[in-house]
Amino acid sequence: MGICLSARIKAESPYHTGLTSKNVSTDGNSLKSSSGKVSSGSVPPPPRSEGEILQSPNLKSFSFSDLKMATRNFRPDSVLGEGGFGSVFKGWIDENSFAATKPGTGVVIAVKRLNLESFQGHREWLAEVNYLGQFCHPHLVKLIGYCLEDEHRLLVYEFMPRGSLENHLFRRGSYFQPLSWNLRLRVAVGAAKGLAFLHSAENKVIYRDFKTSNILLDSSYNAKLSDFGLAKDGPTGDKSHVSTRVMGTYGYAAPEYLATGHLTSKSDVYSFGVVLLEMLSGRRAIDKNRPTGEHNLVEWAKPYLTNKRKIFRILDNRLEGQYSLDVGYKAANLAFRCISMDPRFRPTMNEIVKELEHIQDSNSKEKIGNNAPARSRPRRLSADDARKRNIPAAYPRPSASPLFSK
Ligand SMILES: Nc1ncnc2c1ncn2[C@@H]1O[C@H](COP(=O)(O)OP(=O)(O)O)[C@@H](O)[C@H]1O
Ligand SMILES: [Mg+2]
């Protein structure tokens, strides 16, 4: 498995990888870009030329009118999702000519349209083109092409029919068909493989924004990473980290990265641990609608993760009977190590892939039933229960928010 092109070409532009000096606001006045992903300090105006796009002969350059037609003028009812960068629309194109086709014919695509006021937008758009455009891997979303025309910035991806993991875990209405234990593990393994590929010696890329809304699912629940707007080249030579402005999403960013701006592949491992916890618990990384003391998933769950008799308290009760106590404990313990405060204690993504595969194997071999943790708490309220009782059930989305240093 490798890179689609013969060799990955480094960007010439300083805007791609060049912001290596630490430039973190400490006064709390960080600028919030409309992308929601925050930058702080002064940033040079975004470049406007296509020259900075790495040579990617496998990427199609679309005109704005092509994409306008393919999405039927960006119809609101074809919105697939919203991110900090902008909205994502469903569209149709011809497989060979790439010309817009009638809905329901040709190939389905997802078109991400940059919000024009986005401060950080061009940089993120460029990072996506340059990283995703060079990679080809079963656990990374395929970028088909892009549009750069006047002020327009769009990206065209393969369509992922089951949408984001975030929707499956947390969206209203999904309560009645929660993802099973086996599917959650399948998704975790796929996403871990995507990150392991990025971290490999060959690529050395840090993803920097690993969270459930950036993990997309195909029709067979294969997980693919999307949204490479914050991806960054990892350290080279004998350097231990890259220094960056602190960017990312609250609840997922590693504590040492938040404090110092020093980015390593272990920052991604921390975020992976948070997502694994979200999958195991069915709770969001940050949820202000929960009782005091339970807002922050990591802080709340940590004391339970290493105690075999207590882990059932944090495991999603909708998964009851689907895993053995041993297997549940192994998965919780893996999440615990990923979110270690000291990055040196966190496993590598390759180790995580192996462990998760082992957990998958043991669950299918073990007889679940006698050994399954007993229900010992009342059923959690469903969205429907909450509606009947007039309790807000829709949780605020953890869209990227300002990340201040210490
Ligand atoms: N290829 C795709 N297929 C289906 N849905 C998608 C696709 N790309 C994005 N989405 C939906 O749009 C949302 C936002 O996309 P994302 O790339 O994360 O944008 P942003 O960079 O603005 O965060 C995703 O969480 C998902 O629900
Ligand atoms: Mg996103």
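**Close-ups of the ligand shell and the core**

**View 1. Both domains help to line the spot where ligand 1 sits.** In this predicted model, domain 1 (50–158) and domain 2 (165–389) each put at least three residues into the shell around ligand 1.

**View 2. Here is who sits around ligand 1.** There are 22 residues around the ligand, and G81, G83, F85, A110 and M160 come nearest. Three strands each give two or more residues to this shell: β4 (79–82), β5 (86–93) and β6 (107–114). As for chemistry, the shell around ligand 1 is a mix of 9 nonpolar, 10 polar and 3 charged residues.

**View 3. Now for the largest nonpolar core.** This core holds 102 residues, and V156, A192, L276 and A335 are the ones with the most contacts inside it. Helix α5 (residues 181–199) supplies the largest share, 11 residues. Domain 1 (50–158) and domain 2 (165–389) both chip in residues, so the core lies between them.

**View 4. Zooming in on L276, one of the core residues with the most contacts.** Skip the neighbours within four places in sequence, and L276 is in contact with A188, L334, A335 and C338. Of these partners, A335 is also on the list of residues with the most contacts inside the core.

**View 5. Stepping back to the whole protein.** The fold has 11 helices and 14 strands. Of the 406 residues in the protein, 43% are buried. Take the contacts with a separation of 6 or more: 70% of them join residues 24 or more positions apart.

How values were computed:
Residues numbered from 1 in each chain as written. Chains lettered and ligands numbered in written order. Predicted model: local features only at pLDDT ≥ 70, side-chain atom pairs only at ≥ 80, totals over all residues. Near = placed C-beta within 6 Å. Helix = DSSP H or I, 4+ residues; strand = E, 2+ residues; numbered from the N terminus. Nonpolar A, V, L, I, M, F, W, Y, C, P; charged D, E, K, R; others polar. Domains from an automatic or database assignment. Buried ≥ 20, exposed ≤ 12 C-beta atoms within 10 Å, placed from the backbone. Contact = placed C-beta atoms within 7 Å. Core = buried A, V, L, I, M, F, W, Y, C linked by C-beta atoms within 7 Å.
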